[in-house]
Amino acid sequence: MKSEFDHYAGDYQGLLKDPIRDSFAKSSAFFHLRKWLLLEDFLRQSKLGGPQARWLDIGCGQGELLQLGRAAFGEVSGCDPSAEMLAGCGDLKVEVQTDLLKLPYPDQSFDLATAVCVYHHVPPEDRPALTNEVVRVLKPGGVFCIIEHNPYNPATQLIVKRAPIDANAILLTARETASRMRAAKLEPFRTTYFLYITEGLYKKFGGLEKYLEKVPMGGQYAQFGRKAR
Ligand SMILES: C[S@@+](CC[C@H](N)C(=O)[O-])C[C@H]1O[C@@H](n2cnc3c(N)ncnc32)[C@H](O)[C@@H]1O
């Protein structure tokens, strides 16, 4: 059976086009890079990553984030319900999720799990089951990072409202994300708001985002939670 994103995969970049988004960055590459820089910063501080470490990106789509970060881990994997999105993943190790709420991996397999712009496509009543699955596949002490659109940012709201791929999207605040993590027995420990500075200004002024990371106005946020040891 086709999944929702199988219908979008053929013209995925075209469907993301939006005048505000396009004036923020030339292409999606900047958005993926910005997320990788955020994760890389976290890995440096937390000493997670390295040749023994395993990373799973849930709802990895066409695998751009995994491609950017793969060298920082011993092994990276991706999964997604859309086989047609996964077809863009090249030589990455990826699996189709035949069940939207089951991850095709054994218990305690990963040091880091990420889900980037996935949860707003998951109906709220299904979010607890997906989060419990993520906790199942994380090793004790492993970290889950959810990156999401920030509903407090008016430009984000407008872009989501106009995007064909977001027709069914239900955005979630960082507070909701953290409380979902808590309900799944993850300890939320860090929230970082980002995407304040456009691609054109990022080289010169990107450092300023550090000072704004606690201000809930960035275009997106990253919420981190840890599984107990
Ligand atoms: C907006 S795309 C984001 C793709 C990628 N993470 C990125 O940042 O480019 C949302 C992705 O979530 C996937 N998705 C939707 N429901 C999901 C679920 N229950 N579990 C895992 N992935 C899901 C979709 O198939 C799609 O590839």
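Which residues form one aromatic cluster? Phe24, Phe30, Phe31 and Tyr202 do so, and the report returns to them after the ligand site.

## Basis of the model

This is a predicted model, in which local features need pLDDT of at least 70 and side-chain atom pairs count only at pLDDT 80 or more, while totals for chains, interfaces and linings use all residues. Residues are numbered from 1 along each chain as its sequence is written, and side-chain values use heavy atoms, with hydrogens and water left out.

## Ligand site

The ligand is surrounded by 18 residues, a residue being counted as near if one of its heavy atoms lies within 4 Å; those that come nearest are Gly59, Asp80, Gln97, Leu100 and Val116. The shell comprises eleven nonpolar residues, six polar and one charged, where Ala, Val, Leu, Ile, Met, Phe, Trp, Tyr, Cys and Pro count as nonpolar, Asp, Glu, Lys and Arg as charged, and the others, Gly among them, as polar.

Asp80 places a side-chain N or O atom 2.6 Å from an oxygen atom of the ligand, and a polar side-chain atom of Gln97 is 3.2 Å from a ligand nitrogen atom. Val116 approaches through its backbone, with an N or O atom 2.9 Å from a nitrogen atom of the ligand. Of the 590 Å² of accessible area that the ligand has on its own, the protein covers 93% (Shrake-Rupley method, 1.4 Å probe).

## Aromatic pairs

The whole structure holds 14 aromatic pairs, that is, rings of Phe, Tyr and Trp (its six-membered ring) with centres within 6.5 Å, called stacked if the planes are under 30 degrees apart, edge-to-face if over 60 and tilted otherwise. Phe30 and Phe31 make an edge-to-face pair, because their ring planes stand at 65°, with the centres 6.1 Å apart. Phe30 also pairs edge-to-face with Tyr202, at 5.5 Å between centres and 70° between planes.

Since Phe30 belongs to helix α3 (residues 28-46) and Tyr202 to helix α9 (residues 199-205), this second pair ties together parts that are 172 residues apart in sequence; helices here are DSSP runs (H or I, at least four residues), numbered from the N terminus. Phe30 is buried at 6% relative accessible area, as is Phe31 at 11%, and Tyr202 is buried at 19% (buried means under 20%, with a 1.4 Å probe and protein chains only).

## Charges over rings

Arg54 lies over the face of Phe110, 5.0 Å from the ring centre, and the charged end of Arg190 sits over the ring of Phe224, at 5.5 Å from its centre. Such an arrangement requires NZ of Lys or CZ of Arg within 6 Å of the ring centre and within 35 degrees of the ring normal.

Notes:
Polar contact = N/O pair within 3.5 Å; in protein donor to acceptor, adjacent residues only side chain to side chain. Buried < 20%, exposed > 50% of the residue type's maximum accessible area, 1.4 Å probe, protein only. Helix = DSSP H or I, 4+ residues; strand = E, 2+ residues; numbered from the N terminus.
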